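Reader: I have a model open on my screen and would like to understand the words used to describe it. Could you take me through the reasoning?

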Amino acid sequence: DAKLTAISGRYSESNKKMVATGNVVLSNREGARLETEEITFQLDSARIYTDKFVIITTENGSVLRGKGLESNDSFTKYKILQPTG
């Protein structure tokens with residue numbers, strides 16, 4: 001299970017997509033935390049993605065940064081598309 005907070009969000013029933021924007025924080029039950037400005041949940045494929053800058057703080061405190069992210073819907077398996085450090 002993942003927990004999401006954001007300033008605003010919108011849902012499109014026709015394409016099963018939810019977009020959250022503004023100070024987006026997504027965390028998983030293991031303690032990893034994602035911070036970005038916009039994230040999309042594709043509900044029919046159980047996929048989360050963004051093309052925005054991301055900061056991930058892992059369970060052990062490591063900080064990962066980059067642009068773009070793809071993840072499963074529980075934010076337990078993720079990939080930064082363009083890591084920067």
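Author: Gladly! Keep in mind that this is a predicted model. To begin with contacts, among those in the chain with a separation of 6 or more, 26% join residues 24 or more positions apart.

Reader: What pattern does the chain follow along the sequence?

Author: The pattern reads β-β-β-β-β-β-β, with 7 strands and 0 helices in the chain.

Reader: Why is the chain called as compact as a globular protein of that length?

Author: The radius of gyration is 12 Å, and the globule rule gives 12 Å for 85 residues, so the chain earns that description. Along its principal axes, the C-alpha trace spans about 40 × 25 × 25 Å.

Reader: Why is Phe-75 called buried?

Author: Buried means under 20% relative accessible area. Phe-75 has 0%, so the word applies. Buried residues make up 33% of the 85 residues in the chain.

Reader: And what makes Tyr-78 partly exposed?

Author: Its relative accessible area is 26%. Partly exposed covers values between the 20% and 50% cut-offs, so Tyr-78 belongs there.

Reader: How do you know that Phe-75 and Tyr-78 form an aromatic pair?

Author: A search of the whole structure finds 1 aromatic pair, and Phe-75 and Tyr-78 form it. Ring centres must lie within 6.5 Å, and these two are 4.8 Å apart, so they qualify.

Reader: What makes that pair stacked?

Author: The angle between the planes is 25 degrees. Planes under 30 degrees apart count as stacked, so this pair does too.

Key: Residues numbered from 1 in each chain as written. Predicted model: local features only at pLDDT ≥ 70, side-chain atom pairs only at ≥ 80, totals over all residues. Heavy atoms only, no water. Helix = DSSP H or I, 4+ residues; strand = E, 2+ residues; numbered from the N terminus. Rg over C-alpha atoms; globule rule 2.2 N^0.38 Å. Buried < 20%, exposed > 50% of the residue type's maximum accessible area, 1.4 Å probe, protein only. Contact = heavy atoms within 4.5 Å. Phe/Tyr/Trp six-rings, centres within 6.5 Å; stacked < 30°, edge-to-face > 60°.
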